[in-house]
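Trainee: Got a minute to go through this one with me? I'd like to start with the aromatics.
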Amino acid sequence: MGEKVVAGGFDLSDRQRYRRKLHECLEGLERLLAEKRFDRPKNMMGLEIELNLAGADGLPRMVNAQVLERIASPDFQTELGMFNLEVNVLPHRLGGRVFDQLAEELSAGLGYAHRQAAEIDAGVVMIGILPTISRADLVTANLSAVDRYSLLNEQILMMRGEDFTLDIDGVERLIWNSGSIVPEAACTSVQLHLQVTPARFSAVWNAAQVVAAAQIAVGANSPFLFGRELWRESRPPLFTQATDTRPPELQAQGVRPRTWFGERWVDSAYELFAENVRYFPALLPICDEEEPLRVLAEGGVPRLQELVLHNGTVYRWNRPVYGVADGVPHLRVENRVLPAGPTVADVVANAAFYYGLVRTLADEPRPVWTRLPFAEAEANFDAACRYGIDARLRWPRRGRAGGLASVPAVRLVLDELLPMAAAGLDAWGIEPADRDHYLGIIEERCRRRVNGATWQVDTYHRALAGGLERDEALAATTRRYTELMHKGDPVHTWPVGLTEEVAASVPVVR
């Protein structure tokens, strides 16, 4: 959303000037694309993980500033809520043993952060939504003390003009009104970046949209919110509703939400940036001193700061990213579909599945998206969020007959997508040992029909059957999850249920 945002109000002229600068940035991007100024292929990937902070009781701890002070590393940053952190992994070249290297770096970094948090009676929990989060935790007072979060909250509320309504109808139903965007902080995710050339961008973005449903089906890890069992991956409906600038009347008119899947396949990166400018009013109309067209005219490379800032406030599940490194512009596809966790091994397996699958699908001479209507891809995404690993997905039939078939997600992954992912990893030059190990984790999840969401739900229901009350069961499930997360074995190997020690401990009930 921009490196620095200074608190303060905006007047009418700020928005008009910002709109003008946005259109100048778009023109600048168009010229850069026409002049083929972008970086050559380097097979670069990057990864970010949002984290929760919780105490030994499993409840959230509002101490991210203190933990960050102890960590003292630029790799860790604040996130929206005071119980959140984000860790950024330096870009890596896809190839060789990169996934083992990622796992080693993540394990070391998260272990260090966990030890620093332990000094103030907190710990790191890598999970999509912390099951013990309560309504009392998601209030404005628990926004991180960073200007951009306060400004963003203020501007979204001003644009909406009323409280946010959360209404998620899953296994159980949750209805709640919130006077701030803080419920968004309950959603902690993994973001996977892939640098691409302009010529490859549309194929990679379309492929990422196609695979989003399969990613969620095998990786769902967010079944609870406020003591209710909702969707197997409840982050997308929660995030969509917690950032919705539209009052009901604008929703009824078909105005697009700021968190969205999209509405069509694309032919270029420019289309997505232009859509963001065309459809969405500025939330943070903060103008940079740079004049992008003048910089271009003088032979330089503009940072396009207004476009970058605006793009960061439109929450596509697969987002286009413009950046400049060493004076050379580049494009990335940022995949924002996955929840955090459960373990480092699971996160890296999810990454390997994604990067391999996207490579193969983007290379196909007859791409899947030419045979799969966009509306079906979006429906697949919703089905995967609702039902997780038990979802059924619509997918093009093989052979000349064509058409679409409804297929269990696990069968689609085992029969078609995993072989594609393996071929894609081979094309990236990944070592076979890395390929087989991490894709094997995805395969075993499908064979056992287990992911983070199923483990949480099954363990929670066993705790209820064992006599615990709802809040006690959620707290105990969170403590057991945290224990197994730090041991590091993939989630499909986790025993369901509580240990005697966890079950016997006295939970804090709110």
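Mentor: Sure. This is a predicted model. It holds 17 aromatic pairs.

Trainee: How are the rings of W176 and F226 arranged?

Mentor: They pair edge-to-face. The centres are 4.9 Å apart, with 85° between the planes.

Trainee: Where in the chain do W176 and F226 sit?

Mentor: W176 is in strand β6, residues 173–178. F226 is in the loop between β8 (224–225) and β9 (228–229). That puts them 50 residues apart, so the pair links distant parts of the chain.

Trainee: Buried or exposed, those two?

Mentor: W176 and F226 are both buried.

Trainee: And what about F261 with F374, what kind of pair is that?

Mentor: A tilted one. The ring centres are 5.4 Å apart and the planes make 55°. F261 is in the loop between β10 (259–260) and α8 (269–279), while F374 belongs to helix α12, residues 374–387. They are 113 residues apart. Both F261 and F374 are buried.

Trainee: Which residues do ring pairs link into a cluster?

Mentor: F239, F261, W265, Y315, W317, F374 and F381.

Trainee: Changing topic. How many disulfides are there?

Mentor: Zero.

Trainee: Why is C287 not bonded to C25?

Mentor: Because the sulfurs are too far apart for a bond. C25 has the closest cysteine sulfur to that of C287, and the distance is 9.0 Å. A disulfide here needs the sulfurs within 2.5 Å.

Trainee: How accessible is C287?

Mentor: Partly exposed, at 22% relative accessible area.

Trainee: And what is the nearest cysteine sulfur to C446?

Mentor: That of C385, 16 Å away. C446 is in no disulfide. C446 counts as buried, at 3% relative accessibility.

Trainee: Which other residues are buried in α14?

Mentor: Besides C446, the buried ones are D434, R435, Y438, L439, I441, I442 and R445.

Trainee: What covers them?

Mentor: The cover includes α3 (98–118), α5 (198–219), α11 (344–363) and α13 (409–428).

Trainee: How does the span of α14 compare with what it should be?

Mentor: It agrees. The helix has 17 residues, 432–448, so at 1.5 Å a residue it should span 24 Å. Its end C-alpha atoms are 23 Å apart.

Trainee: Where is the kink in α14 centred?

Mentor: On G440, with an angle of about 25°. Right after the helix comes R449, with a positive phi near 55°.

Trainee: Why would I flag a positive phi?

Mentor: Because most residues other than glycine have a negative one. N43 is another case, with phi near 55°. N43 lies in the loop between α1 (12–34) and β1 (44–54). It is partly exposed, at 30% relative accessibility.

Trainee: What about phi of D121?

Mentor: Positive too, near 60°. D121 is in the loop between α3 and β4 (123–125). It counts as exposed, at 59% relative accessibility.

Trainee: Which peptide bond is cis around P342?

Mentor: The one from G341 to P342, with omega near -5°. P342 is in the loop between β13 (328–339) and α11.

Trainee: Last one. What does the side chain of N311 reach?

Mentor: The backbone oxygen of P320, at 2.5 Å. N311 lies in helix α10, residues 305–311. It is buried, with a relative accessible area of 6%. Beyond its neighbours within four places in sequence, N311 is in contact with F273, N276, R319, P320 and V321.

Definitions and conventions
Residues numbered from 1 in each chain as written. Predicted model: local features only at pLDDT ≥ 70, side-chain atom pairs only at ≥ 80, totals over all residues. Heavy atoms only, no water. Helix = DSSP H or I, 4+ residues; strand = E, 2+ residues; numbered from the N terminus. Buried < 20%, exposed > 50% of the residue type's maximum accessible area, 1.4 Å probe, protein only. Polar contact = N/O pair within 3.5 Å; in protein donor to acceptor, adjacent residues only side chain to side chain. Contact = heavy atoms within 4.5 Å. Expected span 1.5 Å × (residues − 1). Bend = angle between axes of the 7 residues up to and from the residue. Phe/Tyr/Trp six-rings, centres within 6.5 Å; stacked < 30°, edge-to-face > 60°.
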